[in-house]
Amino acid sequence: MNFKEGEVLYFDKPYRWTSFALVNKIRYHISRKLGVKKIKVGHAGTLDPLATGVMIICTGKATKRIEEFQYHTKEYVATLQLGATTPSYDLEKEIDATYPTEHITRELVEETLQRFVGAIEQIPPAFSACKVDGKRAYELARKGDDVQLKPKTLVIDEIELLECNLPEIKIRVVCSKGTYIRALARDIGEALHSGAHLTGLIRTRVGDIVLEDCMKVEDFEGWLEQQEIDF
């Protein structure tokens, strides 16, 4: 292992951790092992704190490959609660409105999901890392500012209904870079003439890297001790 020349590591990001916190933890352990104060470490694609799953972390010169990894197709498994919305479209914020769900059937859900396959326009969530006048949208949203974001074109390759226990559904989504699954949940809720928000999100794949390839952050220090390190 040569962390300065560059290594690519795969982690299962823990629940409630920010992507930044995971990068910091890995940088801390590598710096300590190498006995250096600084080493370049970065991640290839943010995951929300309330999401878990595949996160690619690059070190040293491999950080130049971050953009390449960001363009890889991603797969998610998302749990949606129908009939209620939150300002963040997930559990970060409290429910702000409720809607009827009696008219929703499994058939209606399956038919509606297929309308999102292909190239679609999506307005990113206000609680996102998108930049508005040089600031992160979530910083403004958390202060209570009105955040206006423009729609972005993205591609949904596949949507599959995995479970349908109305008013809760679980879906598998294969999509392009820039897709916000929280915003997809919002749009699915609206298309069903109801509301929806995420109650669970797992990134199960980035390119060819699947969850089974990923290390738990708590195992990293022990794993590092066993590696032959090239200084």
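Is lysine 61 buried, partly exposed or exposed, and what is its relative accessibility? At 48% relative accessibility, lysine 61 counts as partly exposed, because that label covers values from 20% up to 50%. Keep in mind as you read that this is a predicted model.

## Lysine 61 and its partner

Let's stay with lysine 61 for a moment. Its side chain meets that of glutamate 5 in a salt bridge, with 3.1 Å from N to O. The two partners come from distant parts of the chain, 56 residues apart. Lysine 61 sits in the loop between β3 (51–59) and α2 (66–70), while glutamate 5 belongs to the segment before β1 (8–13). Glutamate 5 is partly exposed too, with a relative accessible area of 47%.

In general, side chains of opposite charge can pair when their charged atoms come close. In this model the count comes to 13 salt bridges, and two further pairs are described below.

## A buried pair and its network

Now turn to glutamate 75 and arginine 172, whose side chains form a salt bridge at 2.8 Å, N to O. Glutamate 75 lies in strand β4 and arginine 172 in strand β11 (residues 168–175), so this pair ties together parts that are 97 residues apart in sequence.

Are these two residues buried or exposed? Glutamate 75 has a relative accessible area of 14%, so it counts as buried, a label for values under 20%. Arginine 172, at 17%, is buried as well. The pair also has company: Glu75 and Arg172 are linked with Glu158 and Glu160 in a network of salt bridges.

## A pair within one helix

Which helix holds both glutamate 110 and arginine 106? Both lie in helix α3 (residues 106–114), four residues apart, which is about one turn of the helix. Their side chains meet in a salt bridge of 3.7 Å, N to O. Glutamate 110 is partly exposed at 36% relative accessibility, and arginine 106 is partly exposed at 37%.

## The cavity

Next comes the empty space. Rolling a probe the size of a water molecule over the atoms shows where empty space is left. How many cavities of 30 Å³ or more does the structure hold? There is one, and about 80 Å³ of space lies in the largest cavity.

Its lining includes Tyr15, Asp48, Asp90, Arg182 and Leu198. Strand β12 (residues 196–206) gives the most to this lining, with four residues. Sorted by class, the residues around the largest cavity are six nonpolar, two polar and three charged.

## The largest pocket

The largest pocket contains about 1100 Å³ of space. Its lining is made of 39 residues, and those nearest the centre of the pocket are Gly45, Thr46, Leu47, Ala129 and Tyr180. Several elements give two or more residues to the lining, among them β2 (41–43), β4 (74–82), α4 (137–142), β10 (152–165) and α5 (181–191). Strand β12 is also one of these elements.

Which element provides the largest share of the pocket lining? That is α1, with four residues; this helix spans residues 19–34. By class, the pocket lining divides into 15 nonpolar, 12 polar and 12 charged residues.

Key
Residues are numbered from 1 along each chain as its sequence is written. This is a predicted model: local features need pLDDT of at least 70, side-chain atom pairs count only at pLDDT 80 or more; totals for chains, interfaces and linings use all residues. Side-chain values use heavy atoms; hydrogens and water are left out. On a 1 Å grid over the protein atoms alone, a cavity is a set of points where a 1.4 Å probe fits but cannot get out, and a pocket is an open set with protein on both sides within 12 Å along at least five of seven lines; lining residues have an atom within 4 Å of a point. Grid points are joined across faces, edges and corners, and a volume is the space filled by probe spheres set on the points. Ala, Val, Leu, Ile, Met, Phe, Trp, Tyr, Cys and Pro count as nonpolar, Asp, Glu, Lys and Arg as charged, and the others, Gly among them, as polar. A salt bridge is a side-chain nitrogen of Lys or Arg within 4 Å of a carboxyl oxygen of Asp or Glu. Buried means under 20% relative accessible area, exposed over 50%, partly exposed in between (1.4 Å probe, protein chains only).
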